[in-house]
There are 4 protein chains.
Amino acid sequence: MKFVSEIENTIKSLREEKNVSLRCRSDSLENVLYSLFPVLDHGFVRVIDYMGNDSAVVQAARVSYGKGTKHSRSDVGLIRYLMRHRHTTPFEMCEIKFHIKLPIFVARQWIRHRTASVNEYSARYSKLDNEFYIPQPENLVAQSTSNRQGGGVQLPECEKDNILNILNKGSEQAYEQYEEMLSEDEQNGLSRELARMNLPTSIYTQWYWKINLLNLLKFVSLRADSHAQWEIQEYAKQIAELIQLWVPITYQAFEDYWLDGASLSKQQLELIKAMNNGEKISFESSGLSRREWDEFCDILAISNR
Amino acid sequence: MKFVSEIENTIKSLREEKNVSLRCRSDSLENVLYSLFPVLDHGFVRVIDYMGNDSAVVQAARVSYGKGTKHSRSDVGLIRYLMRHRHTTPFEMCEIKFHIKLPIFVARQWIRHRTASVNEYSARYSKLDNEFYIPQPENLVAQSTSNRQGGGVQLPECEKDNILNILNKGSEQAYEQYEEMLSEDEQNGLSRELARMNLPTSIYTQWYWKINLLNLLKFVSLRADSHAQWEIQEYAKQIAELIQLWVPITYQAFEDYWLDGASLSKQQLELIKAMNNGEKISFESSGLSRREWDEFCDILAISNR
Amino acid sequence: MKFVSEIENTIKSLREEKNVSLRCRSDSLENVLYSLFPVLDHGFVRVIDYMGNDSAVVQAARVSYGKGTKHSRSDVGLIRYLMRHRHTTPFEMCEIKFHIKLPIFVARQWIRHRTASVNEYSARYSKLDNEFYIPQPENLVAQSTSNRQGGGVQLPECEKDNILNILNKGSEQAYEQYEEMLSEDEQNGLSRELARMNLPTSIYTQWYWKINLLNLLKFVSLRADSHAQWEIQEYAKQIAELIQLWVPITYQAFEDYWLDGASLSKQQLELIKAMNNGEKISFESSGLSRREWDEFCDILAISNR
Amino acid sequence: MKFVSEIENTIKSLREEKNVSLRCRSDSLENVLYSLFPVLDHGFVRVIDYMGNDSAVVQAARVSYGKGTKHSRSDVGLIRYLMRHRHTTPFEMCEIKFHIKLPIFVARQWIRHRTASVNEYSARYSKLDNEFYIPQPENLVAQSTSNRQGGGVQLPECEKDNILNILNKGSEQAYEQYEEMLSEDEQNGLSRELARMNLPTSIYTQWYWKINLLNLLKFVSLRADSHAQWEIQEYAKQIAELIQLWVPITYQAFEDYWLDGASLSKQQLELIKAMNNGEKISFESSGLSRREWDEFCDILAISNR
């Protein structure tokens, strides 16, 4: 990957400049600060700065003088209590800033998370690099016939070459046209702000993205979910790993209560109570829609017949 | 324009269904509710719903029982006072919802206004139409050599045909490739969510956009500004006309105090005081940067020599 | 109640001014628009304006031309689907504005819901009325010995008179002191902005509060909850009834999936699976904390032994 | 001041725990991290944590790899350019967290700044201390007869003693009643959540408050302004000094372009142009309201006759 060699030295020099600070820190996150974690074929995620750690969550919940107490059992208990009861404000007390490189079509989904700060590389002011996302063959999913999303079913092998060919050719052509419109010396040609509009949304952009821990957890819960497009899942999963380094206690509680938990409706709770009373339940008598019934069976690992 | 005939009947039938309501209304806005205002070659802006009017601003400022008082001189005075002193919260009490069709590269600038609600047409779930923004020849601006934006200078005539050719060909090719990847019946081909990534950002999308009056004024002040890209200016100007219909008193105050006013720095205020005292001012003695000096001369219509 | 007679006429005249509008409306909410719903001893909730209805949610989810379709079964299904999967953005497309009178200590909890617009009666500019919240005897709850909130246990009868005496005397004294500091003619006395700081937080204030439907549902889910202070619950419950009038389909889905549903953790889901497999579960072997175990048993109505 | 001795040791120990970190830092702010800056009679402001410095603003504006460049002249120029043109997003890239102790009536104004994270000491869960704000005699301003705010005119000396007497007596009585209602052992008495409602808004509360630099500058510009109540001005001014330590370049630009600058309306700009052309201007011919005219004369230091 081209970018690795390019910024390798910058990262190295940044990691050599050690400062003394009185601020609370996260040891595991310091170990990877500025480092580049590749995602997709040309993308990456880097943590550039952060504020707070698990103790900051505890401190805010306690609103007491001084620092949060040590990671004793009672801190763990408090964080788990907050997560369980969705007492969310203390999780806003941690903040993190990423440097991210991603295709524009992913960026368009990402930006819908509004409670964050963003500064994006501007294609009005600068020329975009010739880097496009081209999926790996195994990620070329076919349109589902049963629902409206990509279904996880791979394309037949015979189709894959054709698709990859089109994607490669399409982005190549578009970039040539882009350069031609800009003119050789990028002066006196068409303005950059207009020329870029001919480029496909598979081209890479990059941005700084700053967000608090609470909103970051919401991002992960929505975008690491299996209903999200595979490409943004890849970013969300990488970010989840970095959160785990940063605030391990919070992350564990998030996983247990939020990510791997489930919300059940009034009707579904009634079904469970019936089962506990030894009653037989069935789709027909459940009052649920087919879809809800299937989801319900899936959550509880029971047969959906 | 294709879309006009398509939705003409819908708009007509919507405009025939008159309801009685106790809510305050804006007569001039009711006259154009649901109607389509074309922007660029295939885009449009439509007002779909609204809440409040100039009286709602006054009412909130007065926080008194009952409705805001009639549009007497004192209401005008109060609204102008609020605008002048940036007492902004009463302007949040009005809300408006638009239906907008716009190219993706414009949508990407637009969405940076975070304090709004958006539902966009989804290219994961539905196929995009074959509609791309192709500028009029007179809007093909050249890259500026002095700054980094499109400079307002038109391309030489000889270049225009070439550029238009490229843009037309580029979008045509991209759409053909899109359709080929999707497969003829849109089933079993590449998933829509992947196929769309080959489409350029000049393709049109559409969304519902709901925002309060205060944030809408901020949007207009930034996007109707001459530093914004010409294409988004066109939308902002159309929206400004609709605001004027909706809340005429507020709009007039916005224009006088905000849009056509200027913020001057401490140093610039000192220069005006000096001028008023009969002193001679010059760039050299001003302490301003060249850029600030030019802006200053521009605002006060004085020669910048 | 004093305020009723005061604004009765205003409400009556507002309800007589019928306008024709092309906007979508909510019949049941129009029936009570501007009307006053008393809460606590001197407080109230009034709907002043609104935008959208259940159809607006559907329309946003469909992002199609024209109006949302009729309340067919499929609209109900779509809204329930959105609620179940927390596809929340379409619920932002409805907006409502309330006029609310409430004690300051309730207002302080209320204002923590940040995504809303507020204009409050200003005690810097105007004198506050002599109206304080004094609880009914049956609402004088004792401090819980087991947790840190008010526990729902009533004070012993012998204490109630004493408490009510103190509260009545305290607010009376404070208001007398307030008036004395302001001076008789409210001129040349202590400024209102300073004099008000001697008033207790049981005094009533009022404000206009505008919020979208999604954030309003979040408000209700947190503040109508049994862990919230009883006084704010009263407001949240009154507001819930008004939401039900406004958007009945959305409200029903909210109740089924959100309000009366429950979030279960990974560990709790495992316990249910074990039960379904005929295994015996117990607190000791559950791995849950005592508190989680009790909550779990409560949700599923099983004995917590 | 009682609290100083109480937390002196905590601060001392916090300031002894030096960590090594790779994050960018602000030397001057590190020097006062955790330290207590007194405001009013019992209040204070402390910086507990921060993220970013002037370089982070530059880095976001440049969206380039690696760290922001050194504080060269061009960095200063860039920050001033951003501030002048209200390119505000890069200023969101810095974040700061305060621990603040303040009277409730100040907290009620403060909390209106919505884009911030707050965790407040809870009077539902804990007993409030016996600390009330009592103004210094010189801050007892009289109600203005010409406008509706406190006018800056002091009360006549003969009134001051009486007022201070009332305030002291009022808070004393209220606190006695509070303790009586809570019962001696704080068990079985009235619940804390109800007992606190009898306490006046001059009582002190405390909170953690986290906010990004942009929103903090907005806070300072509104609350350090002479139209704000004197008490909150005191906090805003203390915070302004801390911003100056943290991001000195940004603060200087903020002062020059924002705090000490002025926004002039279209009409006011016309008047300046007329003056520059040697024309005589007057209130009568200006078209301004009396109030605008006075403000205009004030900004330009010209006689308002």
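# Questions on the chains and their contacts

Student: How many residues does the contact take from chain D and from chain C?

Tutor: This is a predicted model, in which local features need pLDDT of at least 70 and side-chain atom pairs count only at pLDDT 80 or more, while totals for chains, interfaces and linings use all residues. Residues are numbered from 1 along each chain as its sequence is written, while chains are lettered from A and ligands numbered from 1 in the order in which they are written. Two residues are in contact if their C-beta atoms, placed from the backbone, lie within 7 Å. Chain D gives 44 residues to the contact, and the number from chain C is 44.

Student: Which element supplies the largest share of the side of chain D that touches chain C?

Tutor: Helices (H or I, at least four residues) and strands (E, at least two) are DSSP runs, numbered from the N terminus. The elements of chain D that each supply at least two residues to this side are helix H5 (104-110), strand S6 (141-143), helix H6 (157-182) and helix H7 (192-195). The largest share, 9 residues, comes from H6(D).

Student: Which C-alpha of chain D is nearest the axis that relates chain D to chain C?

Tutor: Copies are superposed by least squares on the C-alpha atoms of residues with pLDDT of at least 70 in both. A rotation of 180° with 0.0 Å of shift along its axis brings chain D onto chain C, with an RMSD of 0.0 Å. In chain D, the C-alpha nearest that axis lies 1.9 Å from it and belongs to Pro200(D).

Student: Why do chain D and chain C meet through the same surface?

Tutor: The argument rests on comparing which residues of the two copies belong to the interface. The copies meet through the same surface because the share of interface residues of chain D that are also interface residues in chain C is 100%.

Student: What relation does the rotation that superposes chain D on chain A represent?

Tutor: Chain D is superposed on chain A by a rotation of 180° with 0.0 Å of shift along the axis, at an RMSD of 0.0 Å. Therefore the relation is that of a two-fold axis.

Student: Which strand gives the largest share of the side of chain D that touches chain A?

Tutor: This contact takes 42 residues from chain D and 41 residues from chain A. Several elements of chain D give two or more residues to it, including helix H1 (2-16), strand S3 (43-51) and strand S8 (204-212). The largest share, 5 residues, comes from S8(D).

Student: What span should helix H6 of chain A have at 1.5 Å a residue?

Tutor: The expected span of a helix is 1.5 Å times one less than its number of residues. Helix H6 of chain A covers residues 157-182 and has 26 residues. Its end C-alpha atoms are 38 Å apart, which agrees with the expected span of 38 Å.

Student: Against which two helices do the buried residues of H6(A) pack?

Tutor: A residue is buried if 20 or more other C-beta atoms lie within 10 Å of its own, exposed if 12 or fewer, and partly exposed in between, with C-beta atoms placed from the backbone. In H6(A) the buried residues include Ile163(A), Leu167(A), Gly170(A) and Ala174(A). They pack against helix H7 (192-195) of chain A together with helix H6 (157-182) of chain B.

Student: What average pLDDT does chain A have?

Tutor: pLDDT is the predictor's confidence in each residue, from 0 to 100. Over residues 65-71 of chain A it stays under 50. In chain A, 90% of the residues score at least 70, and the average is 90.
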